[in-house]
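Biologist: I am new to this protein. Please take a close look at its pockets, and then set them against the rest of the fold.

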Amino acid sequence: ILLLAVVGCSKSKGGSEGGTVNTTSRPTLRSISISSPNISIAIGTTFRLSASGTYSDGKTQGLEDGVWMSSVLDVATVGLSSGIVTALKIGETQMTVTAQGVSASSTVNVVPVILQSISIEPENTDLFVGKQKKFKAIGLFNNGAPRDLMDQEVTWSLSSGFATIDNTGMATGVSAGETVVT
């Protein structure tokens, strides 16, 4: 038994007799660059990494399909698609983004939370003779968070004898005049 199939092309109404098909290929990713290749962030803070890709057509644009990974998850994590780094403990890790088989990395150093400055509240105030006013010490830390320092040992002082201040920040007016609280 022999089975023969014949397939052919025929001209149909409204059809074409042939022609060329133009195809264009999508540019391929050649390299990735990360906006912040080396960063230091304090424990408990977040930072958004972003990446851009350079393609075979020479164009560079934001990388939208990259997948982010952290090399040391207990130091810092990163959102798989967002690039948002969360610092967990002191140490160093590499954040790597990969797309279309191309990768780039950024070094992330997680540093301790450090007091950077102290402000006193209220800043400017009147204190009448014989009256009291409570002052607060507010610390600003490298993680950007202000914090009341009253649970810390704070040493208070005044620039003159017009008032007194105790170790809790309670000031008492003694005589008329001006003084600076530090």
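Modeller: To sort residues by class, Ala, Val, Leu, Ile, Met, Phe, Trp, Tyr, Cys and Pro are taken as nonpolar, Asp, Glu, Lys and Arg as charged, and the others, including Gly, as polar. The model is predicted, so local features need pLDDT of at least 70 and side-chain atom pairs pLDDT 80 or more, while totals for chains, interfaces and linings use all residues. Residues are numbered from 1 along each chain as its sequence is written, and side-chain values use heavy atoms, without hydrogens and water.

The largest pocket (an open set of points on a 1 Å grid over the protein atoms alone, with a 1.4 Å probe and protein on both sides within 12 Å along at least five of seven lines) has a volume of about 470 Å³. That volume is the space filled by probe spheres set on the points, which are joined across faces, edges and corners. Its lining (residues with an atom within 4 Å of a point) counts 23 residues, and Thr-125, Phe-135, Thr-179, Val-180 and Val-181 are the closest to the centre. By class, 14 of the lining residues are nonpolar, 6 polar and 3 charged.

The second largest pocket has a volume of about 160 Å³. Its lining includes Arg-26, Tyr-55, Asp-57, Lys-59 and Gln-100, and divides into 2 nonpolar, 3 polar and 5 charged residues.

Now the rest of the fold. The protein has 0 helices and 16 strands (strands are DSSP runs of E, at least two residues, numbered from the N terminus). Of its 182 residues, 26% are buried (under 20% relative accessible area, with a 1.4 Å probe and protein chains only). The largest nonpolar core (buried Ala, Val, Leu, Ile, Met, Phe, Trp, Tyr and Cys joined through side-chain atoms within 4.5 Å) holds 22 residues, and Ile-32, Leu-63, Trp-68, Val-85, Met-95 and Val-97 touch the most other members. Strands that each supply at least two of its residues include β1 (29-34), β9 (91-99) and β10 (102-111); β10 gives the largest share, 4 residues. Another core, of 10 residues, lies apart from it, with Phe-135, Leu-149, Trp-156 and Ile-165 among its members. Phe-135 thus appears twice, in that core and among the residues closest to the centre of the largest pocket.

Gly-83 sits in the loop between β7 and β8 and is buried, with a relative accessible area of 0%. Beyond its neighbours within four places in sequence, Gly-83 is in contact (heavy atoms within 4.5 Å) with Phe-47, Arg-48, Leu-49, Trp-68 and Val-78.

Conventions. Buried < 20%, exposed > 50% of the residue type's maximum accessible area, 1.4 Å probe, protein only.
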